[in-house]
Amino acid sequence: TNSTRATSSGDQDSTFFNARVGGGLDHRLDDGYAIDANVDYRFRYHDESGVRNDADLRWRVAGSRSLGENNLAVGFRGRNSYRGNGIFRNDYFLFTSYDMRLDELNQLSFGGQIGRRRYPSGPKTAPAQRPMPTSAGPAY
């Protein structure tokens, strides 16, 4: 296992420093259309040699359309994640969501995504391929 707990000794009591920076842009177009893009970088440095540092770069690009009080969005999102020992994992998703406004205080959301996880670089030459979870369902 290449996790922080597995590469450290005993309980997790090391000092660490974390930083996070990100931002995004939204632009409203004509006829209820909009585009949205954002990026988020997270880094955690551990002050102990036996514990790996964590780094994630997450991104999202989507388009949406208002349908009266409802909204339909389709887009791409992904993550480049440092897994320790020179290994990087990449996740890519195609997603969609549909939000229905029920009344002034309630909204019903449906969404789905399909994606791929891959290990494009690092010392592992034959990584274990795991199926990428696919999800769909209502959110309240």
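These legends walk through a few close-up views of a predicted model.

**View 1. The whole chain, to get your bearings.** Count up the secondary structure and you get one helix and seven strands. Start at the N terminus and the elements run α-β-β-β-β-β-β-β. The chain has 140 residues, and buried ones make up 20% of them. Its accessible surface comes to about 9800 Å², with 53% of that belonging to carbon and sulfur atoms. As for contacts with a separation of 6 or more, 45% of them are between residues 24 or more positions apart.

**View 2. Phe17 and Tyr45, a stacked pair.** The structure holds three aromatic pairs, and here is one of them: Phe17 with Tyr45, sitting 6.4 Å centre to centre with 20° between the planes. That angle makes the pair stacked, because planes under 30 degrees apart count that way. Phe17 belongs to strand S1 (residues 16-28) and Tyr45 to strand S2 (residues 33-46), so this pair links distant parts of the chain, 28 residues apart. Is Tyr45 buried or exposed? Neither, quite: Tyr45 is partly exposed, at a relative accessible area of 37%.

**View 3. Trp59 and Tyr92, a tilted pair.** Now look at Trp59 and Tyr92, whose rings are 6.5 Å apart centre to centre, with 50° between the planes. Why is this pair called tilted? Because its 50° falls neither under 30 degrees nor over 60. Trp59 comes from strand S3 (residues 54-67) and Tyr92 from strand S5 (residues 87-101), so the pair ties together parts 33 residues apart in sequence. Trp59 has 31% relative accessibility and counts as partly exposed. Tyr92 is partly exposed too, with a relative accessible area of 32%.

**View 4. Two arginines over rings.** Find Arg44 and follow its side chain: the charged end sits over the ring of Phe16, 5.1 Å from the ring's centre. For another example, go to Arg77, which lies over the face of Phe95 at 4.1 Å from the ring centre.

**View 5. The largest pocket.** This pocket holds about 180 Å³ of space. Which residues lie nearest its centre? They are Arg42, Phe43, Arg44, Asp54 and Asp56, out of 15 residues that line the pocket. Strands S1, S2, S3 and S4 (70-84) are the elements that each give two or more residues to the lining. You've met Arg44 already, as the residue whose charged end sits over Phe16.

Technical notes: Residues numbered from 1 in each chain as written. Predicted model: local features only at pLDDT ≥ 70, side-chain atom pairs only at ≥ 80, totals over all residues. Heavy atoms only, no water. Phe/Tyr/Trp six-rings, centres within 6.5 Å; stacked < 30°, edge-to-face > 60°. Helix = DSSP H or I, 4+ residues; strand = E, 2+ residues; numbered from the N terminus. Buried < 20%, exposed > 50% of the residue type's maximum accessible area, 1.4 Å probe, protein only. Lys NZ or Arg CZ within 6 Å of the ring centre and 35° of its normal. Contact = heavy atoms within 4.5 Å. Areas by Shrake-Rupley, 256 points an atom, 1.4 Å probe, with all protein chains shown as cover. 1 Å grid on protein atoms, 1.4 Å probe; cavity = no way out; pocket = protein on both sides within 12 Å on 5 of 7 lines; lining within 4 Å. Points joined across faces, edges and corners; volume = space filled by probe spheres on them.
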